[in-house]
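Welcome! Take a moment to look over the sequence and the fold, and then we will walk through a helix, the cores and the cavities together.

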Amino acid sequence: MKKLSKVIISCAITGSIHTPTMSEALPVNADQIAEQALGAAEAGAAILHLHARKEEDGAPSSAPEDYMRFLPRIKQGCDAVVNITTGGGLGMSLDQRLLAANTLKPELASMNMGSLNFGLFQAAEKISSFKQPWEKGYLEMTKDFILSNTFSQIERGITELSAHGTRFEFECYDVGHLYNLAWAVERKLVKPPFLVQCIFGVLGGIGPDAENLMHMKRVADSLFGDDYILSILGAGRHQTSLVTLGAILGGCVRVGLEDSIYLGKGVLARSNAEQVAKIKRILTELSLEVATPDDARQMLLLKGADQTAF
């Protein structure tokens, strides 16, 4: 992979996996998303990975107007890179998933690199009472659900967003997704440097083991040489250990309440900023320098915040 002098911290602020019942700290409306995004940026996050939620009940939303409730405030309040999801919420159509990024033309967007079973149903089994009526069914339906990212869907998403100058966080949940990215590279759909976000610990994807991280890195090295930047995401309780290992290996890191609602074993995080501060402290102790937003733009060849549509 590309040799880096600085480590990019990404923070995934709210996502569409955790539901309002799971954590009081989870931001579920525009004010909370904006406040926590700004806090994460102040704590050291160079990239803010953003989903939107419906104001009335905190359910995932793909509506550009829901994004616009918080994006201008984030842009005005910090210089972090905004990364808009194209994964959206589970069960959304491709049109829905691409709508916000196509409308708002961010510097960076996520791009899932393959279809997979995406199991959240076990979370529903642990909760006896839900705050919102949509939560239980949303989690339980994933027992019979495939998150669809076919080659045609991937090609369409990359082509449409590339036309706006948007670049990508390529989300790889298993080894085969790296080969799917290699297919996109071979077809000249994307150009280096590739931000390869390896994701460990989602039921249906590769498991959260150090050996799996090493294997994913070996495969990515063989496919992309020094044309890619590795970033690591560990779901749930595996967050800190896996992202720390990734940083030691020379990669970048992603934390945030989308990926884990915990700060440590049995301790719920009070905010996204708290998770960012923790990993920044670990990186500093490892004598690794943390990238600024402008560093991240230079490293990823981004178009600049002034070229977005928000």
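Let us begin with helix α8, residues 175-186: at 1.5 Å a residue its 12 residues should span 16 Å, and the end C-alpha atoms are 17 Å apart, which agrees. Keep in mind as you read that this is a predicted model.

Several residues of α8 are buried, namely V175, H177, L178, N180, L181, A182 and A184. The cover over these buried residues includes the helices α7 (151-162) and α9 (210-224), along with β7 (116-117), β9 (167-172) and β10 (194-200). Just after α8 comes K188, with a positive phi of about 60°.

Next, the cores. The largest nonpolar core has 79 residues, and L48 and F70 touch the most other members. Helix α1 (residues 30-43) gives the largest share of this core, 7 residues. Beyond its neighbours within four places in sequence, F70 is in contact with A30, I33, A34, L50, H51 and A52. A second, separate core holds 21 residues, among them L120, F130, L147 and Y173.

Finally, the enclosed spaces: the whole structure has 4 cavities of 30 Å³ or more. Two of them are set side by side here.

| Cavity | Volume | Lining by class |
|---|---|---|
| Largest | about 140 Å³ | 5 nonpolar, 9 polar, 2 charged residues |
| Second largest | about 70 Å³ | 6 nonpolar, 3 polar, 1 charged residues |

Which residues lie closest to the centre of the largest cavity? Of the 16 that line it, they are S16, H51, G87, Y173 and E258. Residues lining the second largest cavity include Q239, Y262 and K278. Its largest lining share, 4 residues, comes from α11.

Terms used. Residues numbered from 1 in each chain as written. Predicted model: local features only at pLDDT ≥ 70, side-chain atom pairs only at ≥ 80, totals over all residues. Heavy atoms only, no water. Core = buried A, V, L, I, M, F, W, Y, C linked by side-chain atoms within 4.5 Å. Buried < 20%, exposed > 50% of the residue type's maximum accessible area, 1.4 Å probe, protein only. Helix = DSSP H or I, 4+ residues; strand = E, 2+ residues; numbered from the N terminus. Contact = heavy atoms within 4.5 Å. Expected span 1.5 Å × (residues − 1). 1 Å grid on protein atoms, 1.4 Å probe; cavity = no way out; pocket = protein on both sides within 12 Å on 5 of 7 lines; lining within 4 Å. Points joined across faces, edges and corners; volume = space filled by probe spheres on them. Nonpolar A, V, L, I, M, F, W, Y, C, P; charged D, E, K, R; others polar.
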